[in-house]
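Biologist: I would like a close look at a single part of this model. Please pick one residue, walk me through its surroundings, and then set it in the whole chain.

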Amino acid sequence: QVQLVESGGGLVQAGGSLRLSCAASGSIFSINAMGWYRQAPGKQRELVASITRGGDTNYADSVKGRFTISRDNAKNTVYLQMNSLKPEDTAVYYCNVDGWSWDRFTSWGQGTQVTVSS
């Protein structure tokens with residue numbers, strides 16, 4: 001069993017910053033990719049950013065230059081630093097972790113609400 005615990009969401013004014021964290025725990029042998037997705041009301045879940053074990057990153061065009069994804073492999077934790085937030089960034093943010101336990105696994109966090117007021 002692999003559990004993901006997210007933290008760091010909240011309410012912020014446009015132009016502000018938030019930092020999300022997601023810690024994985026359980027019987028984890030190794031973690032491959034880690035990522036953040038978001039889902040706004042009435043919209044499909046979309047990839048925000050991802051990072052490989054080696055540190056290669058990928059970002060949605062809408063967040064490039066504003067968001068930064070990072071990870072601490074020793075802590076099995078992924079972070080998302082969000083700067084210059086816009087009202088259109090309002091969504092529930094989910095972390096996703098892909099790796100190996102006794103078998104290959106892909107786990108999702110419980111989601112954390114990010115609300116950006118104009």
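Modeller: What follows starts at one leucine and then widens to the chain. Keep in mind that this is a predicted model. The residue is Leu20, and it sits in strand β3, which covers residues 18–26. Is Leu20 buried or exposed? Its relative accessibility is 0%. Buried means under 20%, so Leu20 counts as buried.

Which residues does Leu20 touch, leaving aside those up to four places away in sequence? Ser7, Gly8 and Gly9 are among them. Trp36 is another contact of Leu20. The list also includes Val78, Tyr79, Leu80 and Met82. Tyr93, Thr112 and Val114 touch Leu20 as well. Glu46 gives a distance to set beside this: it is 26 residues from Leu20 along the chain, and their C-alpha atoms are 16 Å apart.

Now the whole chain. It has 11 strands and zero helices. Of its 118 residues, 43% are buried. Take the contacts between residues at least 6 apart in sequence: 54% of them join residues at least 24 apart.

On overall dimensions, the C-alpha atoms fill a box of roughly 45 × 25 × 20 Å along the principal axes. The radius of gyration is 14 Å, which agrees with the value near 13 Å for a compact globule of 118 residues.

Last, the surface and the charges. The chain exposes about 6,200 Å², and carbon and sulfur atoms supply 47% of that area. There are 11 positive and 9 negative side chains, and the centres of the two sets lie 3 Å apart.

Methods. Residues numbered from 1 in each chain as written. Predicted model: local features only at pLDDT ≥ 70, side-chain atom pairs only at ≥ 80, totals over all residues. Heavy atoms only, no water. Helix = DSSP H or I, 4+ residues; strand = E, 2+ residues; numbered from the N terminus. Rg over C-alpha atoms; globule rule 2.2 N^0.38 Å. Buried < 20%, exposed > 50% of the residue type's maximum accessible area, 1.4 Å probe, protein only. Contact = heavy atoms within 4.5 Å. Areas by Shrake-Rupley, 256 points an atom, 1.4 Å probe, with all protein chains shown as cover. Lys, Arg positive; Asp, Glu negative; His and termini not counted. Charge placed at Lys NZ, Arg CZ, Asp CG, Glu CD.
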